[in-house]
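Visitor: Please take one part of this protein and look at it closely. I am new to it, so go residue by residue and then show how the part sits among the rest.

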Amino acid sequence: MLAPPRTVVRREAGLYALEQALQRRGFRHVAGADEAGRGACAGPLVAAAAILPEGKRGEIPGLADSKLLTAAARERVYAQVVAKALAWSVMIIPPAEVDARGLHVCNLAAMRRALASLEVRPDYVLTDGFPVDGLGAPGLAVWKGDRVSACVAAASVLAKVTRDRLMIELDEKFPDYGFAVHKGYITEEHSTALNRHGPCAEHRFSYVNVAAASGRGNRPPRARRPASPAAPSLFDDVSVTEPLLIPGTAEGTVGVASSEQPQPSPSVGEDKAMEGETR
């Protein structure tokens, strides 16, 4: 039995090499998925997915991993992605959902929902770092995928810009924390404000630094969030079927995921991820 021909990834194609190699094998619509806000201790977790057109039509000047771009460059690339993409979607997971279900579970669910919301069905899926099952299409988890795959980089920009806009909006509701500056990540300024004012409704109480500031650090991660938040959340009364309108978005899918169903117990090691990460 003859082995199938190898898929050759041509280095000279740069960021578009992986998609082009897959398209030569018949996978026309290659989707990329990525998230933003995994390491933040406040604000939502945002995942995005995108499918770019084949060939020159899908090339976007300045496209790169969102973390390598300035805020102004990200905004320019974002506008081009939503204008050129065959399909794109964004899924927003509120902090209370992260506390209730766990960071890793929410991360995978957000990427899965973002991919399932694409108006064009992907033939192949590339995800940044984490394998995502249940997609109905073959896929590959790519280490630092936002630096080696154009569609993953596009998803990275969609997620990052969406989340940054939300954090700027949250800064107006909760001005004591400096959300517009650090975007909810753990910085010296954020830690000082957190210890001085205590956490607000947009903090993730499952994270150890937020739990310590709230005086609830002796509780299990899923039991740390107070039953009644001290202040209303940006995501209160928003369900998965009610899209959240993000200023500046073009046509695409933007949704807020929430769940009122009992969730299974976390897998071993998940609570460690929920303790928070620095960035």
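Guide: Arg 101 has a relative accessibility of 14%, so Arg 101 is classed as buried. The cut-off for that class is under 20%. The model is a predicted one, and the values here are computed from it. Arg 101 belongs to helix α3. Along the chain, Arg 101 and Pro 221 are 120 residues apart, while 9.9 Å separates their C-alpha atoms.

Another member of helix α3, which covers residues 95-101, is Ala 96. Ala 96 has a relative accessible area of 38% and is therefore partly exposed; that class lies between the 20% and 50% limits. Ala 96 also has a partner from elsewhere in the chain: Gly 43 is 53 residues away in sequence, and the two C-alpha atoms are 9.5 Å apart.

For the close look, I take helix α5 and the loop that leads into it. That loop runs between β5 (139-142) and α5, and Ser 149 is found in it. Val 148 is in the loop between β5 and α5 too.

Is Ser 149 buried or exposed? Its relative accessibility is 0%, so Ser 149 counts as buried. Apart from neighbours within four places in sequence, Ser 149 is in contact with Leu 15, Leu 18, Glu 19 and Leu 126. Val 148 has a relative accessibility of 40%, which means that Val 148 counts as partly exposed. With residues up to four places away left out, Val 148 touches Leu 15, Leu 18, Val 142 and Trp 143. Leu 15 and Leu 18 thus appear in the contacts of Ser 149 and also in those of Val 148. Val 148 and Leu 18 are 130 residues apart in sequence, yet their C-alpha atoms lie 7.6 Å from each other.

The loop leads to helix α5 itself, and Lys 160 is a residue of that helix. Its relative accessible area is 13%, so Lys 160 is buried. Neighbours within four places aside, its contacts are Ala 36, Ser 66 and Arg 74. One of these, Arg 74, is part of helix α2, and that brings in the second helix of this account.

How do α2 and α5 pack? Two packed helices are described by the angle between their axes and by the distance between those axes. Here, α2 (residues 71-84) and α5 (residues 150-173) meet at an angle of about 120 degrees, with 9 Å between the axes. At that angle α2 is oblique to α5. The way α2 passes α5 is a left-handed crossing.

Which residues make the contact? From α2 come Arg 74, Glu 75, Val 77, Tyr 78, Val 81 and Val 82. From α5 come Ala 154, Val 157, Leu 158, Lys 160, Val 161, Thr 162, Asp 164 and Arg 165. Sorted by class, this contact of α2 with α5 holds eight nonpolar residues, five charged ones and one polar one.

Two loop residues in other parts of the chain can be added. His 29 is in the loop between α1 (17-24) and β1 (30-36). His 29 has a relative accessible area of 19%, and so is buried. Not counting residues up to four places away in sequence, His 29 touches Ile 51, Leu 86, Val 120, Arg 121, Pro 122, Asp 123 and Tyr 124. From His 29 to Val 125 there are 96 residues in sequence, and 8.7 Å from C-alpha to C-alpha.

Lys 183 lies in the loop between α6 (179-182) and α7 (188-197). With 14% relative accessible area, Lys 183 is buried. Most residues other than glycine have a negative phi. Lys 183 is not a glycine, but its phi is positive, about 60 degrees.

Last, the whole protein. It has nine helices and six strands. Of its 279 residues, 51% are buried. When contacts between residues at least 6 apart in sequence are taken, 66% of them join residues at least 24 apart. The protein exposes about 13,400 Å², and carbon and sulfur atoms supply 54% of that area.

Conventions:
Residues numbered from 1 in each chain as written. Predicted model: local features only at pLDDT ≥ 70, side-chain atom pairs only at ≥ 80, totals over all residues. Heavy atoms only, no water. Axes fitted to C-alpha atoms, helices over the stretch in contact; angles between N-to-C directions. Helix = DSSP H or I, 4+ residues; strand = E, 2+ residues; numbered from the N terminus. Parallel < 35°, antiparallel > 145°, perpendicular 65-115°, else oblique. Left-handed = near helix turned anticlockwise from the far one by under 90°. Contact = heavy atoms within 4.5 Å. Nonpolar A, V, L, I, M, F, W, Y, C, P; charged D, E, K, R; others polar. Buried < 20%, exposed > 50% of the residue type's maximum accessible area, 1.4 Å probe, protein only. Areas by Shrake-Rupley, 256 points an atom, 1.4 Å probe, with all protein chains shown as cover.
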